[in-house]
Amino acid sequence: MNLIRTVELSIWDLASHAFRSFLTGLGVVFGVGAVVAMMAVSEGASREALRQIEARGIDNIVIRSVRPSTDQSTENASTWNAASYGVTLDDMRHIRHDFDNVRSIVPVRRLRMSVYNKGKRSDIQVFATIPEFLQLSNSRVADPRGRFITDSDGENAVKACAIGIRAARTLFGFNDPLGQNVNIDGKYYHIVGLFENPFGSQMMGGYDLDNVIITHIEAANTLHGKMSTERKAGSFERVIVEADFLYIRVGDQEQIENTAGRLRTYLEKTHPQNDYEVQVPYELLKQREASQRISTIVMASIAAISLLVGGIGIMNIMMANIYERTKEIGTRRAVGAKKRDILTQFLVEAVVLTSLGGVLGVGLGVGLAEIVAIYAKMETVVTPISVIVSFGVSVCVGVIFGTYPAWKAANLDPITALRTE
Amino acid sequence: MGFLRSSDKAADGGEKSKWVVDLQQLEKTYYAGACSVQALKPVDIQIPYGIFCAIMGPSGSGKSTLLNLLGLLDQPSGGHYILNGQDVSRLGDNTLSEIRCTQIGMVFQSFNLFPHFTIQENVCVPMRYAGFSEKKMQQRAADLLNRVGLGDRLKHKPTQLSGGQCQRVAIARALANDPPVILADEPTGNLDEKTGNEILNLFHELRDSGRTIIMVTHNPEYENVVERTIVLHDGYITRDISNPKSRPSVTSEACTESHIP
């Protein structure tokens, strides 16, 4: 028998009791729908997590200076009452020289200075770093006429800065920011360039990269000294932090965890006051993925149970179908059908039924994912792989639960079957 | 003659037996636990090509058993069954299905048509199992239905037809793969006398085209209609008589209103 024709005939047969077929396939429809929707929600959540982690920083390893909780910050007479903590530029040099896995290391100092916009303080932050920052943060120069900060800016202690595109819009609106001056704590900095981050990344601490001003760290140290003054609602606080962050890029992603371990060991020795934190977005990502995997497994099991119930429904109705059509089976055998032909016929019927259920289920799943996205405000992503997998599973359900009834039909005794009314 | 006999389907090879059905000491015993029932005692029956033959007998006489054996739906306990020159008494299920498909046409008392299919599709079923191409199969089904007088109703479902018409469809289906033997199990049992006679007439025409028709019947009147009558009783053949003059009597009685050209 021609297989395509068999499929066609079985669709006819299912169509001849459409409502019963629909009820039968409903279990598979819901099962597949649940699988697709669940996978869409799970995929959406993991993409969201990935984006958060990516946005948090720039890949690889970040060493962050933190104020020691015990507040035993070293007091220094010359900088009265200034809290001094965190990783230093010496640490940076040491890491750069002694860690061969480290491809680049970039210090970032938050200057804790205010940027004035028409006489008012804005929320724009100023960071001091080195030219490599541009590349490391996957940012780029947004206006080809300008440039990013250069080492000569640092050597000559030039009051030059590059400005993020959002900060530029805040300060200058639609005017050309290039060549303008910007008031940073009363000093006027010359804007030499405009930059943007196409990934919407954030600096550690949640500062949007497009909304900051960047100047060279050496120039900042020369011009302002190492002490910063943080203004908090009405009070002043002086701190000495040489580098708020050290961004470290490792040559090979395989080396991230290993390098992070070595960095931790090094810092434990040199910073007993525990004024640092090593963050590895990659580790964070892996943790998220692990917990995501568990919830995916749990949800997949629930969906699998519903598919199992659907499959048993299919089996039940196929058995009923065979009892109902015993005489037909006997007649077919009498006019020359082999056991194999009968087996194929009923198996194809079961598989067609579950496949149609699978198609409807995929539709239902996509719909559910949409609903979740709209009403639960969660990102959901229906991936092609989830559609293929769940459709494949529905076909398998047909094969698994259709085989026994089909085998039973094929092995009916033709004489008995013919005699059945 | 008309019934689309494409070729003489006798045994391959040079030596052609004159018997289409040759039963040699064929017997059937049913076992149920410790007790056994010999439903058919060893019988020898030879049926030549191109005759119309009836098998009669009361209930429990073994005629259904014999029909099942002839139709290859059941396997004999002993003896040999040579069908169209081939010994079919000890074959596997697949081969038996193939022989059923191409060598035997089955007609049933209750027609056994597939109710969801059009009558054309019904006639196609055996050809599907024989592996015909779709186009050839549809064409042949249409031709066969035309020959039994239903050429204008190809797309009708069996439920839209009368009993006599259904049985004609069933006969067309039995002819689908051009078998040398037609086995009919009480083909007129569900029909009124007039319609029954029309069916018998159709069988006569098939006989004339060289086919052998073996019909199981309860109706003793049909003894005059067929060329040979085998009567069974308790598994034995009690009577086996030939009646070569059968044909004229049926034609004169019932052929007057036949649809068949």
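This passage walks through the overall build of chain A and then a handful of its residues, along with two from chain B. The structure is a predicted model.

Chain A is a good place to start. Its secondary structure adds up to 13 helices and 17 strands. The C-alpha atoms fit in a box of roughly 110 × 50 × 40 Å along the principal axes. For a compact globule of 421 residues, a radius of gyration near 22 Å would be expected, but chain A comes out at 34 Å. The domain layout adds to this picture. Domain 1 of chain A is made of two stretches, 3-53 and 286-419, while domain 2 takes up 61-279. The centres of domain 1 and domain 2, taken over C-alpha atoms, sit 57 Å apart.

What about the surface and the inside of chain A? Of its 421 residues, 48% are buried. The exposed area of chain A is about 20,300 Å², and carbon and sulfur atoms provide 57% of that. As for charge, chain A carries 44 positive and 44 negative charges, and the mean positions of the two sets are 5 Å apart. Contacts within chain A often reach across the sequence: counting pairs at least 6 residues apart, 79% join residues at least 24 apart.

Helix 10 of chain A, residues 326-334, is mostly covered, with nine of its nine residues buried. Charged side chains are part of that list, including Lys327(A), Glu328(A), Arg332(A) and Arg333(A). After helix 10 comes Gly336(A), which has a positive phi near 120 degrees.

Two other helices of chain A are worth a look through single residues. Ser21(A) belongs to helix 2, which spans residues 18-56. Ser21(A) counts as buried because its relative accessibility is 11%, under the 20% cut-off. Setting aside neighbours within four places in sequence, Ser21(A) touches Leu14(A) and Leu353(A). Arg288(A) sits in helix 9, residues 281-324. With a relative accessible area of 35%, Arg288(A) is partly exposed. Beyond its neighbours within four places in sequence, Arg288(A) is in contact with Ala49(A), Gln52(A) and Ile53(A). Ile53(A) is 235 residues away from Arg288(A) along the chain, yet their C-alpha atoms are 9.7 Å apart.

Lys377(A) brings in a loop, the one between helix 11 (339-375) and helix 12 (384-410) of chain A. Its phi is near 55 degrees, which is positive even though the residue is not glycine. Lys377(A) counts as exposed, since its relative accessibility is 72% and the cut-off is over 50%.

Chain B offers a similar backbone case. Phe111(B), also not a glycine, has a positive phi of about 70 degrees. This residue lies in the loop between strand 6 and helix 3 of chain B, and at 13% relative accessibility it is buried.

Phe117(B) comes from the loop between strand 6 (104-107) and helix 3 (119-130) of chain B. Is Phe117(B) buried or exposed? It is buried, with a relative accessible area of 7%. Leaving out neighbours within four places in sequence, its contacts in chain A are Leu9(A), Trp12(A) and Arg332(A), and those in chain B include Asn122(B), Val125(B) and His156(B). Arg332(A) has already come up as one of the buried residues of helix 10. Within chain B, the C-alpha atoms of Phe117(B) and Thr159(B) are 10.0 Å apart, with their positions 42 residues apart along the chain.

Notes: Residues numbered from 1 in each chain as written. Chains lettered and ligands numbered in written order. Predicted model: local features only at pLDDT ≥ 70, side-chain atom pairs only at ≥ 80, totals over all residues. Heavy atoms only, no water. Helix = DSSP H or I, 4+ residues; strand = E, 2+ residues; numbered from the N terminus. Rg over C-alpha atoms; globule rule 2.2 N^0.38 Å. Buried < 20%, exposed > 50% of the residue type's maximum accessible area, 1.4 Å probe, protein only. Contact = heavy atoms within 4.5 Å. Areas by Shrake-Rupley, 256 points an atom, 1.4 Å probe, with all protein chains shown as cover. Lys, Arg positive; Asp, Glu negative; His and termini not counted. Charge placed at Lys NZ, Arg CZ, Asp CG, Glu CD. Domains from an automatic or database assignment.
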